[in-house]
Amino acid sequence: MIINYRNDQDKVAVTKETESLLRKALQAGARVHRLPKETEVSVTLVDNAEIHQLNRDYRNVDRPTDVLSFALDEADEPAEVGGPEEHLLGDIVISAEMAQKQAEEFGHSLNREVAYLAIHSLLHLLGYDHKKAADKKVMRAEEEKILEKIHLSQADLGGDMHMSDDVKDGFLDALLAGTKAAKSDVEEAGGDVALLFGKARKAMENAYIPYSHFPVGAAVLTDDGTVYTGCNVENASYGLSLCAERNAIFKAVTEGHRTFRMLLVTGNTTAPIAPCGACCQVIAEFKIPRIVMTNAAGDIQEATYADLLPFGFSEEELAEGQQESGKKAEKPAAAKKSAGKKKKKA
Ligand code: THU
């Protein structure tokens with residue numbers, strides 16, 4: 001593939017390595033999709049102001065974004081260009097500033113972020129889309145396939161999940177679909193979900209899972225806005241294993257928190273992962289109002305603690321059933337009969 005690369009911004013220092021990884025990523029994409037070698041794309045790194053303007057002018061969206069794709073798909077006849085046939089696929093425009101911000105948020109390098117965004121955009125140029133959940137799943141799988149080729153896949157990175165503006169938009173769409181709240185409220189809530197998702201995916205990288213090979217990540221948001229994360233930690237004595245959700249909650253409680261706004265759990269399941277029964281009981285203990293279940297594709301499902309455990313055992317029930325201190329427990333009928341008699345030895 002012919003790649004015309006240009007750095008049109010000076011806000012973020014990009015190096016030869018940035019360009020080289022970006023080229024490698026796009027070439028891997030071209031190979032996976034068997035694009036003819038005459039296929040041509042142009043990649044431009046711009047700043048936030050420039051991508052904001054493009055986003056406004058071409059998509060009517062009045063804010064900066066991480067990447068824009070402009071499909072051309074024009075095949076020039078050899079005669080017109082006076083040389084070998086060229087196939088102009090389109091333009092990829094990446095905000096270096098946004099890429100840097102996202103790289104910092106997700107704890108990976110600027111180069112990786114730029115490479116990921118280039119792959120994401122190339123797939124758009126090839127007709128992939130992520131408006132519908134099913135399409136998004138397909139597009140994510142394609143991204144993974146390409147990232148694998150350059151050893152930057154989730155598996156290579158131990159479960160690291162890229163979260164671009166697109167994914168955040170996906171969360172907002174899902175939230176909007178399921179709520180009547182004002183868009184600003186939803187955006188705020190979506191921001192929290194996006195934040196917790198990124199942190200839970202990161203925590204998932206540390207899952208200690210030599211027995212199940214099933215990583216889980218969780219994050220809780222406390223009432224003062226602090227986030228605690230957890231991963232599952234297993235043990236050779238299987239029953240001692242601790243789930244990601246309880247790990248996150250217990251960490252927060254250890255640091256003095258008792259009131260939570262939200263818990264997010266994530267795994268590599270096809271559908272969003274749900275907390276296990278034991279975790280539901282702990283979630284109910286703290287009456288966590290929002291439980292957000294997710295997967296790697298960014299699909300989400302929401303529930304309250306009561307949805308998860310409608311007949312949950314609570315401290316109220318505990319109080320009702322407790323005997324007064326000092327009072328002996330009622331003896332079962334069989335035991336009453338022999339009361340007073342000396343116990344026979346068996
Ligand atoms: N696991 C969690 O961490 N959270 C859940 O809600 C479901 C299960 C962990 C426990 C164990 O380490 C592995 O997943 C397989 O059960």
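How many disulfides does a search of the whole structure find? The search finds zero disulfides, and the model searched is a predicted one. Besides its cysteines, this briefing covers two nonpolar cores, of which the largest has 33 residues and a second, separate one has 19 residues.

**Cysteines**

- Cys279 takes part in no disulfide, and the nearest cysteine sulfur to it, which belongs to Cys276, lies 3.8 Å away; because a disulfide requires two cysteine sulfur atoms within 2.5 Å, that distance of 3.8 Å does not qualify.
- Cys279 counts as buried, since its relative accessibility is 0%.
- Cys280 is likewise in no disulfide, with the sulfur of Cys276 again the nearest cysteine sulfur, at 6.7 Å.
- Cys280 is buried as well, its relative accessible area being 6%.

**The largest nonpolar core**

- Within this core of 33 residues, the ones that make the most contacts inside it are Leu22, Leu26, Val41 and Ile94.
- At least two residues of the core are supplied by each of the strands β1 (2–7), β2 (39–46) and β4 (86–95), and by each of the helices α1 (16–32), α4 (96–105), α5 (110–125) and α6 (133–149).
- Helix α5 provides the largest share of the core, namely ten residues.
- Once neighbours within four places in sequence are left aside, Leu22 is in contact with Tyr5, Val43, Ile94, Val114 and Ala118.

**The second core**

- A separate core of 19 residues is also present, and among its members are Ala218, Ile249, Ala252 and Leu263.

Methods: Residues numbered from 1 in each chain as written. Predicted model: local features only at pLDDT ≥ 70, side-chain atom pairs only at ≥ 80, totals over all residues. Heavy atoms only, no water. Buried < 20%, exposed > 50% of the residue type's maximum accessible area, 1.4 Å probe, protein only. Core = buried A, V, L, I, M, F, W, Y, C linked by side-chain atoms within 4.5 Å. Helix = DSSP H or I, 4+ residues; strand = E, 2+ residues; numbered from the N terminus. Contact = heavy atoms within 4.5 Å.
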